[in-house]
Amino acid sequence: MEAWYTHIHGSLLGQLDAQRALYEALAPRVLHTCKRYFADEAEAEDAMIRTMTTMFQQLPTIREPKALPAWLRRTAVNECLMELRKRKTERAELSEAPDTGTSATDSLHDREALMEVLRQLPDGYRSVFNLYAIEGYSHAEIAEQLGISEATSKSQLSRARQWLQRRLANFKVQ
Amino acid sequence: MNPQDLDKLFRDALSEGRAQPRPDSWARVAAGLPSAASNAPAKSKRRVLWYRYAAAASVVLAAAGLWRTIQSPSAVAPPNHAVLELITEANAPSAPSAAQPNRPVLQPEPTTVDRPEPSAAALPPVRTEAPSSSKWALAYLEPLERSVQDDAVPLLKRRVAAPQDLAVAEKPVPRYRQLASDVSQVWTAVNAYRSSEAQPQVTVEVHVPAGVLQRVQQTKMLAQNFNQSWSTFLPKRSL
C-alpha cells in the first residue's frame, strides 16, 4: 500500500495537513501528464491545479481509493483537452512547427529529452499523438474527444510521427 | 524508425513519470479546497436514500391496504346499506295491478320489514334480505333459459330504499353467485314494488346490454322460423 492511501481519510475529514500530503504525493504524476499536452509550463501547471482541485471536491464520491491514480490521469487528460479546445488551437502545419533541436540532449532514452521533443510538437499533433500512442485511445475516441473526424485524427498522427522521426534523426546526427 | 517502435519509445518513456510542481502551487490548490464539511455530499446521499426507503414503504403499505380492501367483503357491502329493488318500467307505480296472479318466484322471498315512518301507508315496504353479500350486485338479466325477459320491459328501474342495519356476510360469496342470486330475485323485487303504490325515491336507469338484446332478437327469429309464437317462449304469467 502506497503512502498516499493513508491521507485519504484525513482529507475527507478536512484535515489540511492530510490534504497537503495527498497533494504532494499525487500532484507530480498529474503535472507529468499535463506537461505532455502543453508546450508552456505554466499552462500545464494550471491544468494540474484544476485537476487536483477537482480531485479534492470529488474525493467523497470516489468509492475505490485504488482507482484514484487512474481517475486522476483521465481527469488530467480531460482538463488538458478542454483547455486546448478552449484556446481553439489552430492546427499548425508541419512547416510551422519549430525545428530547433536546441533542447535535445544526447540521449534518446532520456525522458526529459523525449518530453521536450514531444512538447515541441504543434498542439494538434501533440494531442493526437498523446492520446493514441501514450494513452491508448482509438481514433474514434480521439475524434470524439477532440471534435474532429477519424480521418483527421489519422492524418495528424501520421504527420506527428513524421515530425518526431525527423527530430529523432537530428538527435542521432548530433 | 517503425511507427510502432516510435510509439513504444514515447509510451515507455513518458507514460509514467513525475514532475515537481512549483512551491506556490499548493497555495492555489488550497484556496479551492472544500471546507471541513466536505462530507456534505455523503449526507445528502444518505438523505436521498432515506427518502427512497420511505417511498418504498409507502408503496408497500398502499398496496397492502388496497389488497385488503379488495379481499374484504365488507368493502363491497358496508354495514348500513340500501336494498336494491328492481322494478319494471311498464309497470310503473302509476299502474299497479290489482290482481297479482302467481308469478314465478325463482327464489324465496327474504324477510320483509315495514319501514316505520309517519307516511308508512304511502311508502313501499322496505325489504330486508337475508345476510348475503349478493344484495349489492348490480341487476343483470339472467339467462333466457331460466327467465325470459319481456321485450316490453327492456328498461329496468332500480329503487334505493332506506338503509337498514344488516348483518355482514360471514364469508365472501363468489361474484357469479352474487349475480345469479340477484337475477333470480328480479321478479321478487317486481312483486314487492307492485304491492306498493308509492313513487320511488330514487330511480336509476339500467340499460340492457346490447348482447342480451341481440340474443333476444335471435331467439325471436328462431321461433318464427319454427313457425311458433314468441309467446310460447315466455313463462306462464300475465302482465
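Two residues are taken to be in contact if their C-beta atoms, placed from the backbone, lie within 7 Å. By this criterion, and leaving aside residues up to four places away in sequence, Ile62(A) touches Leu68(A) and Trp71(A) in the predicted model. Ile62(A) is located in the loop that connects helix H3 (41-58) to helix H4 (68-87) of chain A. It has 14 C-beta neighbours inside 10 Å and therefore counts as partly exposed.

Chain A contains eight helices and zero strands, giving the pattern α-α-α-α-α-α-α-α along the sequence. Of its 174 residues, 33% count as buried. When contacts in chain A between residues at least 6 apart in sequence are considered, 60% join residues at least 24 apart.

Confidence in chain A was examined by residue. The average pLDDT of the chain is 83, and 84% of the residues score at least 70. Two stretches of chain A have values under 50. Over residues 91-97 of chain A the pLDDT stays under 50, and the model has 10 contacts for this stretch beyond four places in sequence. Residues 99-106 of chain A likewise have a pLDDT below 50, with 11 contacts in the model beyond near neighbours in sequence. Where pLDDT is low, the predicted coordinates should not be read in detail.

At the N-terminal end of chain A, Ala3(A) is found in the segment before helix H1 (8-12). Ala3(A) has 9 other C-beta atoms within 10 Å and is exposed, because a residue with 12 or fewer such neighbours is assigned to that class. The C-alpha atom of Ala3(A) is separated by 8.1 Å from that of Ala25(A), a residue 22 positions apart from it along the chain.

Three helix pairs of chain A were considered, two of which involve H4(A). In the pair formed by helix H2 (residues 16-35) of chain A and H4(A), the axes are 9 Å apart and the packing angle is about 40°. H2(A) is therefore oblique to H4(A), and passes it in a right-handed crossing. On the H2(A) side the contact is made by Leu26(A), Arg29(A), Val30(A), Thr33(A) and Cys34(A), and on the H4(A) side by Pro69(A), Leu72(A), Arg73(A), Ala76(A), Val77(A) and Cys80(A). The residues of this contact comprise eight nonpolar, one polar and two charged.

H3(A) also packs on H4(A). The two axes come within 9 Å and cross at roughly 130°, which makes H3(A) oblique to H4(A). The crossing of H3(A) with H4(A) is right-handed. H3(A) contributes Glu43(A), Ala47(A), Arg50(A), Thr51(A), Thr54(A) and Met55(A), while H4(A) contributes Leu72(A), Thr75(A), Ala76(A), Glu79(A), Cys80(A) and Glu83(A). By class, the contact of H3(A) with H4(A) has five nonpolar, three polar and four charged residues. Leu72(A), Ala76(A) and Cys80(A) of H4(A) thus appear in the contact with H2(A) and in the contact with H3(A).

The third pair consists of helix H6 (residues 123-134) and helix H7 (residues 139-146) of chain A, which pack at an angle of about 140° with their axes 10 Å apart. H6(A) and H7(A) are therefore oblique to each other, and H6(A) passes H7(A) in a right-handed crossing. Ser127(A), Val128(A), Leu131(A) and Tyr132(A) of H6(A) meet Ile142(A), Gln145(A) and Leu146(A) of H7(A). The residues of this contact divide into five nonpolar, two polar and no charged.

Chain B has seven helices and seven strands. From the N terminus, its elements follow the order α-α-α-α-β-β-β-β-β-β-α-α-β-α. Buried residues account for 15% of the 239 residues in chain B. Among contacts in chain B between residues at least 6 apart in sequence, 85% join residues at least 24 apart.

The contact between the two chains takes 32 residues from chain A and 28 residues from chain B. On the chain B side, the elements that give two or more residues are helix H1 (3-14), helix H2 (25-31) and helix H3 (40-71) of chain B. H1(B) provides the largest share of this side, with seven residues. By class, the side of chain B that touches chain A has 15 nonpolar, eight polar and five charged residues.

Notes. Residues are numbered from 1 along each chain as its sequence is written. Chains are lettered from A and ligands numbered from 1 in the order in which they are written. This is a predicted model: local features need pLDDT of at least 70, side-chain atom pairs count only at pLDDT 80 or more; totals for chains, interfaces and linings use all residues. Helices (H or I, at least four residues) and strands (E, at least two) are DSSP runs, numbered from the N terminus. A residue is buried if 20 or more other C-beta atoms lie within 10 Å of its own, exposed if 12 or fewer, and partly exposed in between; C-beta atoms are placed from the backbone. Ala, Val, Leu, Ile, Met, Phe, Trp, Tyr, Cys and Pro count as nonpolar, Asp, Glu, Lys and Arg as charged, and the others, Gly among them, as polar. Axes are lines fitted to C-alpha atoms, for helices over the stretch in contact, and angles run from 0 to 180 degrees between N-to-C directions. Angles under 35 degrees count as roughly parallel, over 145 as roughly antiparallel, 65 to 115 as roughly perpendicular and the rest as oblique. A crossing is left-handed if the near helix is turned anticlockwise from the far one by less than a right angle, and right-handed if clockwise. pLDDT is the predictor's confidence in each residue, from 0 to 100.
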